[in-house]
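This report goes through a protein–DNA model, taking the DNA surfaces before the helix packing. Please keep the sequence and structure in view while reading.

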Number of protein chains: 2
Amino acid sequence: MAEAITAERAARSLQDLGYRLTPQRMMILEAVLESEDHVTAEELYEQVRKKYPHISFSTVYRTMELLRESGFVTQTDLGGGRVQYHPVDKATHHHLICQVCGSVDEVDQDVFSGLQRELRERYNFDATLTHFAIFGRCGRCRD
Amino acid sequence: MAEAITAERAARSLQDLGYRLTPQRMMILEAVLESEDHVTAEELYEQVRKKYPHISFSTVYRTMELLRESGFVTQTDLGGGRVQYHPVDKATHHHLICQVCGSVDEVDQDVFSGLQRELRERYNFDATLTHFAIFGRCGRCRD
DNA sequence: GCGTTAAGTGCAAGTAGTTGCAGTTGAACG
DNA sequence: CGTTCAACTGCAACTACTTGCACTTAACGC
């Protein structure tokens, strides 16, 4: 968590886990890790296609699933019809999504520390709370 | 929150909010409220089709969106490819979904009370935590 | 009841993401 | 290096859900 994830380090970890290191995977991996915050599958697809025009959407989706399972990225559906991917070592903020007006507000990490601790202690569950989406009703829409 | 939601009461509320009371809506509304716990759009569609064979999927989806906005149902994507709908006055439990093995465990409501209070106090946000999905890694997959 | 009209419905086409399958290729072993 | 083979890729078909549009109808006033 403390040290930054580089594409090379992640690639070696994937290899250690028994996965093969294909050029497509390397390019997708680099593209996600280079992203400032969120990326969508389409953005990744376009990014990789510049270097490697033959890439397919299936490969992007399957690689992202692999990276998620391996713990390098998390994905969030903010309700906008497109899933957002982001590296786990970045973007430790969260979203409050109003189900009435669709507005999205950001929340600090520390609001969740109590929950996270409790889930680990009581349920032995390691919650991925690095980028969390909470649905509900904002103050403006409650009136 | 304390009193049970009946189809008639919900129907009147919808009318008060300016929505029209169509037979399709009434049947979908009854079908959700009668459901024990979760329902998918397809289950609702099949249920309503018994009485009203002309119903379309669009109507089911649009009605569920309306019921969600009006606060009668909540929806959750447990990662199984289909969204689950359920009445807000039932099923106040939550899910821990392992992103590695896909297992789903249930959690009690009280784990979230602190978070809910904090979101309301600090962000003036009324979080819908009646049926919540938390992704992460279960104890079995952390090893 | 009857007419008016904006809300609602059904259909068909569209979008994001998934999956089965045949062909390709990274990597392990000789 | 060359062979082997399961992991991986690309394609095309598919699923869940959404949306635009023309037609229908609930609800309100008369």
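## Surface near DNA strand D

Around DNA strand D there are 22 residues, and the closest are R20(A), R25(A), T59(A), Y61(B) and R82(B). The model is predicted. Of the strand D atoms within 4 Å of the protein, 68% belong to sugar or phosphate, and the rest belong to bases. By class, the residues near strand D are seven nonpolar, nine polar and six charged.

Which helices supply at least two residues each to this surface? Chain A provides helix 2 (23–34) and helix 4 (57–69). Chain B provides helix 4 (57–69).

## Polar contacts to DNA strand D

Three polar contacts reach different parts of the strand, as their atoms show. Q24(A) places a polar side-chain atom 2.8 Å from a sugar or linking oxygen of DNA strand D. S56(A) uses its backbone: a polar atom there is 3.3 Å from a phosphate oxygen of the strand. R20(B) addresses a base, with a polar side-chain atom 2.9 Å from a base oxygen of DNA strand D.

## Surface near DNA strand C

DNA strand C is surrounded by 22 residues. The closest are Y61(A), R82(A), T22(B), R25(B) and T59(B). Sugar and phosphate make up 68% of the strand C atoms that come within 4 Å of the protein. The surface near strand C divides into seven nonpolar, nine polar and six charged residues.

## Polar contacts to DNA strand C

Where do the side chains of R20(A) and R62(B) meet strand C? Each has a contact with a base oxygen. For R20(A), a polar side-chain atom lies 3.0 Å from a base oxygen of DNA strand C. For R62(B), an N or O atom of the side chain is 2.9 Å from a base oxygen of the strand. The backbone takes part too: a polar backbone atom of L21(A) is 2.9 Å from a phosphate oxygen of DNA strand C.

Helix 4 of chain A gives two or more residues to the surface near strand C, and so do helix 2 and helix 4 of chain B.

## Helix 1 against helix 2 in chain B

Helix 1 (residues 7–16) of chain B packs on helix 2 (residues 23–34) of chain B at an angle of about 135 degrees. Their axes are 10 Å apart. The angle makes helix 1 of chain B oblique to helix 2 of chain B. The crossing of these two helices is right-handed.

From helix 1 of chain B come A7(B), A10(B), A11(B) and L14(B). They meet M26(B), L29(B), E30(B) and L33(B) of helix 2 of chain B. This contact has seven nonpolar residues, no polar residues and one charged residue.

## Helix 2 against helix 3 in chain B

How do helix 2 and helix 3 of chain B cross, and how far apart are their axes? The axes of helix 2 and helix 3 (residues 41–51) of chain B come within 9 Å and cross at roughly 125 degrees. That makes helix 2 of chain B oblique to helix 3 of chain B. Helix 2 of chain B passes helix 3 of chain B in a right-handed crossing.

Helix 2 of chain B contributes M27(B), I28(B), E30(B), A31(B), V32(B) and E34(B). Their partners in helix 3 of chain B are L44(B), Q47(B), V48(B) and K51(B). The residues of this contact divide into six nonpolar, one polar and three charged. E30(B) appears in the contact with helix 1 of chain B and in the contact with helix 3 of chain B.

Definitions and conventions:
Residues numbered from 1 in each chain as written. Chains lettered and ligands numbered in written order. Predicted model: local features only at pLDDT ≥ 70, side-chain atom pairs only at ≥ 80, totals over all residues. Heavy atoms only, no water. Near = heavy atom within 4 Å. Polar contact = N/O pair within 3.5 Å; in protein donor to acceptor, adjacent residues only side chain to side chain. Helix = DSSP H or I, 4+ residues; strand = E, 2+ residues; numbered from the N terminus. Nonpolar A, V, L, I, M, F, W, Y, C, P; charged D, E, K, R; others polar. Axes fitted to C-alpha atoms, helices over the stretch in contact; angles between N-to-C directions. Parallel < 35°, antiparallel > 145°, perpendicular 65-115°, else oblique. Left-handed = near helix turned anticlockwise from the far one by under 90°. Contact = heavy atoms within 4.5 Å.
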